[in-house]
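Me: Could you take a close look at one chain of this assembly for me, and walk me through how its parts are laid out and what they touch? A connected account would suit me best.

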Amino acid sequence: MSTARRSGLALALLALVVTVAPLAAPHDPARQFSRFPYAPPMRPHLFDDEWHAHAPFAYALRVIDPLERRYEEDRSRRLAIRDDQPVFLLGSDGFGRDVLSRTLAGARLSLGVAFAATGIALSLAALLGALAGYAGGRLDAAITRFAEFVLVLPAIYVALALRGSLPLVLSSGQVFATLAVVFGAIGWPATARGVRGIIHVERRQEYAEAAYAIGASPWRVIVRHLLPSTFGFLAVQAIVLVPAFVLAEATLSLVGFGFAPPVASWGTMIEEVGTGAAAADAPWLLAPVVGMMLTIVVLQVGSMSKSRLRDRK
Amino acid sequence: MVRRIAAVLVLSAAIAACGGRSEDRPPANASVPVRGGSLVASLRSEPATFNRLVNGGNSSATDAITELTQATLVRVNRVTGTIEPALAERWSVSPDGRTFTLSLRKGVTFSDGVPLSADDVLFSFAVVYDPKVASVLAASLEVRNKPLRVTAPDSETVVITLPAPFAPGLALLDNLPILPKHQLEAAYAAGKFQDAWNVSTPPGSMAGLGPFVLTGYEPGQRLTFTRNPHYWRRDASGIQLPYLDSISMEIVASQDAELLRMQAGSIDLMTQADLRPQDYASLKRLAQGDGAVHLTELGPAVDANMLWFNLTRAAASRPGKSFVQRAEFRQAISYAVDRDAIVSSVYLGAATPIDGPVTPGNRTWYSDRAPKYPYDVARATALLAAIGLVDRNGDGMLEDASGARVRFTILTQANHIRGRVVTVLQEQLRQVGIAVDIAALDPRSMFQRFAAGDYDAMYYGFQASSLDPANNLDFWLSSGSAHVWNAGQTQPATPWERQIDDLMQQQMAAASLTERQRLFADVQRVFGENLPAICFVAPNVAIATSARVGGAQPALLDPKVLWASDQLFLIR
Amino acid sequence: MPALSSSFIARRILAAAALVFVVSSAALALADLAPGDYVTATIGGDPAVAAAERQRLHLDRPFAERYRHWIGRALTMDLGESFQYRRPVLGLVRERAGNTAMLALAALILATLLGIPAGIVSGSGGGIAARVIRITSLVLLAMPPLVTSFVLLTIAARTRWLPIAGMGGITHLVVPALSLALPLAAMLERLQSEAISDALERTHILAAAARGIPRRRLVWHHAWRVSLGPLLGVYGVVIGSLFSGSFVVEVIASWPGLASLMRDALMTRDAPLVAGCSAAGAVFLAAGVLVADLAHAALDPRVGAPGA
């Protein structure tokens with residue numbers, strides 16, 4: 001399989017998983033089984049101890065000591081894997097909510113925000129970085145200084161002031177849009193500097209000079225010839241930015257900018273792990289981290305297609 | 001309930017706040033105290049000042065530092081609740097109970113060797129009442145907004161007169177550290193008291209009457225306290241206290257890091273001592289394993305978080321939220337919440353369901369006669385239906401008469417256990433058809449929304465600084481600044497608030513404890529019937545100390561262990 | 001190198017000063033725009049105390065007036081006094097910046113030593129080593145810093161090999177520096193790897209290969225040099241951000257640095273401290289970027305230093 005095919009397939013698969021997965025969630029992600037906080041993952045079975053076959057089921061949990069989070073499997077009670085039963089294939093969180101369902105539901109929101117923001121940030125970076133690198137001189141200096149300003153102004157300060165001017169309650173849609181735009185608007189400068197560095201060198205390469213010579217407009221030279229040489233770099237930046245944006249949502253929840261409960265997002269799920277040294281006692285809470293790893297592996301595979309793009313120049 | 005004063009004010013006759021504590025090992029203080037050695041405590045925040053009187057002095061860090069380095073005229077024992085002699089060795093009371101004549105202990109000197117005299121006491125009172133100083137302690141030393149009258153007939157006697165009858169009496173004095181006049185007079189005279197004893201003041205230069213002297217401060221790192229060689233208290237066998245040579249306080253902002261350090265044995269006790277429920281398990285394992293950690297369970301906390309509603313006049317006129325003003329609605333919410341669900345999930349079982357702001361942890365003042373709100377969905381639904389909130393379109397959610405969905409906002413603190421409780425409330429109220437939006441903000445944004453009245457309900461809590469209701473008037477009285485659902489009223493807005501006002505005035509001046517308890521039980525009943533604020537659970541307090549800590553007398557109020565730092569000793 | 005003339009440096013320093021000024025002004029304005037103020041530390045406090053405190057701190061004056069006052073003092077290098085610590089901001093920031101710089105330098109060296117060689121290996125060939133490096137990087141990038149720090153801290157606590165918190169000897173530096181360095185190393189590895197593989201496809205290197213220059217020499221000599229551009233572009237920013245500190249690592253490791261001071265200042269609306277911390281961040285960023293640009297110009301004479 002060619003790299004291009006492989007990457008296209010990988011990205012399509014990711015999109016499919018993210019959109020379809022929540023439908024496969026065994027529970028309503030907000031549903032709290034309050035008697036089962038931090039329940040460990042339960043194994044699904046098809047056969048009971050006497051080797052009788054059943055519809056997929058799990059053995060019920062018995063709480064031994066909630067404070068010490070000790071549970072015991074009750075082999076005498078079978079629970080069907082259904083919405084109304086406390087069956088947690090990936091364990092439960094501190095509210096007794098199903099981690100699997102929340103991870104699946106959170107994927108759409110968190111990855112949605114992260115990808116949208118990455119798209120905005122990389123577009124801005126490519127545009128501004130290319131302009132700076134190509135034009136040089138005053139425009140270069142102005143863009144570079146502006147990038148530095150955006151970089152150094154602490155985003156959380158901006159978020160805090162912005163949150164104060166917004167209504168008390170924000171819908172998930174509003175949060176989604178605000179986060180994507182804010183992250184995109186603050187995420188571009190580092191990448192723009194890299195793009196600028198590449199374009200600065202590339203525009204003196206023979207092929208660019210040649211394009212000029214045959215009368216191509218500067219815009220055409222940038223878009224058709226110079227920008228493709230930054231795709232590899234941009235792909236690496238995407239791998240860095242996507243997880244960073246997922247986590248940034250958790251940071252901004254500190255100033256009231258995250259998704260409000262009971263909405264599941266990876267950022268808030270990870271934030272909850274961090275507040276409790278819980279990772280040691282309940283490692284399954286790190287499920288969204290695994291999700292993030294899978295995502296960037298897919299991205300990495302996808303980015304290998306860059307050579308195809310560069311071939312066009 | 002409001003953190004203003006760092007003292008327990010309980011009548012001397014009162015019973016211990018925490019009698020029923022259970023321990024999983026014989027108490028460490030069974031062994032014989034030895035002089036010498038040092039212990040390490042953790043502190044979660046950096047002090048903003050070393051001056052307890054000024055703004056910022058009411059932070060938990062400065063409070064703890066003051067507890068170690070300063071002393072008061074009398075001390076309220078945090079465990080037994082009795083008033084104990086401190087700098088004042090004995091006192092007599094006038095027949096009307098308003099004038100106290102205190103004799104200062106003889107031979108007491110500040111840590112720099114300068115003798116204590118009544119002038120220091122007069123100076124301390126003068127400073128704390130000075131409007132230019134605007135001391136954070138002033139309100140806690142007033143009775144009915146009037147200062148105490150303090151005179152000194154001679155250098156060893158102080159006469160204190162209360163401006164009005166006040167049942168807690170002398171316990172008030174536990175709030176005021178007696179400052180060294182010889183050190184602070186110049187700054188005060190120059191109008192610079194606000195800046196005196198700030199964090200750049202060289203440690204070691206500040207004189208005090210407490211068991212320890214602050215001798216080192218590395219910002220962001222640690223505070224070091226060394227034995228005060230002139231400390232005046234001796235133990236029963238005549239050994240001069242404190243037992244310890246030194247205490248160091250490591251500044252550890254993250255509670256996760258604090259826990260790790262406790263596990264690793266690099267700290268012995270926590271200044272803000274109570275454990276989070278989720279940390280309990282790992283420490284329990286340590287306690288049962290090699291016994292490196294000692295867990296003490298103190299039962300339900302005395303400070304409860306509460307869900308209060310915006311009952312101000314401005315809020316009453318807001319469209320679509322008028323149901324919040326109905327007592328039936330608030331009662332329905334109290335019935336609709338399964339408190340055990342909060343206990344078992346958010347607190348992992350380590351909490352006690354409660355129905356009112358006075359918790360069973362406050363043994364002297366808790367009333368069993370206040371209304372109870374057991375989990376009862378049918379009753380909640382009936383109450384809601386009675387005020388016209390029913391499911392009109394079959395979507396499972398309630399609508400009011402105009403067809404608008406019953407929906408309200410709970411304002412709370414982001415990244416805090418309070419936010420977790422609200423997440424459970426939201427899910428529970430959804431079961432009875434009430435939609436809740438959660439707005440979790442950082443503390444100051446939250447306070448601003450509160451001040452602007454931009455909320456329907458709020459879930460927040462106050463750290464108990466006093467168990468005696470007479471010291472929490474700002475919460476109970478309709479004119480109080482902490483009467484959170486409708487603060488600072490000129491006239492009581494409702495008949496029941498007027499009734500509580502009257503009862504509180506009576507109970508504050510009543511002579512006997514039983515009379516006061518009876519009156520306060522009435523207050524709790526009226527409060528519970530009208531429910532301007534709903535309480536759900538009180539966390540159970542567990543305190544961890546390392547096996548090296550001896551002589552600890554853990555109490556429910558902060559600083560839970562360090563309040564009796566002079567009697568801590570090292571178990572080698 | 002004409003790009004490195006003294007006038008260029010002078011212009012850059014001027015630009016840096018402007019950046020510091022603009023950023024700290026903006027931070028001051030944002031602190032003012034943020035809801036609530038320093039005095040509102042709780043609900044139900046004594047209104048008289050709050051009013052007196054506002055007056056003392058001039059918080060009862062309009063922002064424009066306070067800002068004029070602040071500029072007047074800032075021009076003489078006096079950044080005012082922190083509300084909460086009642087100490088000059090400059091001293092506070094300098095103290096914390098020193099701590100942060102120490103940590104940042106250690107992390108930077110560690111990250112460079114780990115990331116760059118790993119990137120060259122993974123970018124210049126296939127094989128098991130490249131694959132392992134690539135996977136490790138992806139894992140590290142996806143790990144939340146909180147979890148990474150916590151894992152390292154737990155290892156240190158369990159094994160008792162290293163002190164787990166606070167400042168002291170060089171051993172105290174290991175855990176926080178590593179927590180900062182690992183994700184950074186992963187990023188550098190990815191960038192370097194990409195740049196190398198990219199450079200290896202370039203025509204002039206292909207030509208060199210055709211001339212029979214050994215691959216190893218190609219990688220280490222030619223491709224490495226070509227790949228510097230984008231890497232250094234990002235590097236400058238990285239230096240700047242490292243020196244502004246990492247909140248998570250500082251809090252977890254009890255390392256009293258700039259980032260926790262900055263967060264603290266913001267949460268308490270300590271406006272002068274907010275401005276001071278932002279100014280320090282701007283200084284570090286400007287310095288980091290300048291160093292990276294100079295290094296780039298020195299290593300690769302084809303480029304002029306940017307922004308010149």
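Reply: In chain B, the domain assignment gives domain 1, residues 49-198, and domain 2, residues 466-532. Bear in mind as you look that this is a predicted model. The C-alpha centres of domain 1 and domain 2 of chain B are 27 Å apart. Between them, four residues of domain 1 of chain B are in contact with seven residues of domain 2 of chain B. On the domain 1 side of that meeting, the residues comprise four nonpolar ones, with no polar and no charged residues.

Now turn to strand β14 of chain B, which spans residues 269-274. This strand is mostly covered, with five of its six residues buried. It has pairing partners to follow. With β2(B), residues 38-43, β14(B) pairs in the parallel sense over two bridges; here B:L269 of β14(B) is the bridge partner of B:A41. With β22(B), residues 537-546, β14(B) runs antiparallel, and two bridges join them. In that pairing, B:D274 stands opposite B:I543 of β22(B).

From there, let's move outward to the neighbouring chain. Chain B puts 33 residues in contact with 28 residues of chain A. Several elements of chain B each supply at least two residues to the side that touches chain A, among them the helices α4 (255-264), α8 (339-345) and α10 (417-431), and the strands β18 (407-413) and β19 (435-441). The element that gives the most is α5(B), with seven residues. By class, this side of chain B divides into 15 nonpolar, ten polar and eight charged residues.

Following the contact across, chain A is itself divided into domain 1, made of 3-23 + 100-307, and domain 2, covering 42-87. The C-alpha centres of these two domains of chain A lie 41 Å apart. Chain A also meets chain C, with 45 residues of chain A in contact with 45 residues of chain C. Elements of chain A that give two or more residues to that side include α3 (137-152), α9 (231-253) and α12 (287-303). The largest share comes from α6(A), which provides nine residues. The side of chain A that touches chain C has 32 nonpolar, eight polar and five charged residues.

Notes
Residues are numbered from 1 along each chain as its sequence is written. Chains are lettered from A and ligands numbered from 1 in the order in which they are written. This is a predicted model: local features need pLDDT of at least 70, side-chain atom pairs count only at pLDDT 80 or more; totals for chains, interfaces and linings use all residues. A residue is buried if 20 or more other C-beta atoms lie within 10 Å of its own, exposed if 12 or fewer, and partly exposed in between; C-beta atoms are placed from the backbone. Helices (H or I, at least four residues) and strands (E, at least two) are DSSP runs, numbered from the N terminus. Two strands pair if DSSP finds at least two bridges between them. Domain bounds come from an automatic or database domain assignment. Two residues are in contact if their C-beta atoms, placed from the backbone, lie within 7 Å. Ala, Val, Leu, Ile, Met, Phe, Trp, Tyr, Cys and Pro count as nonpolar, Asp, Glu, Lys and Arg as charged, and the others, Gly among them, as polar.
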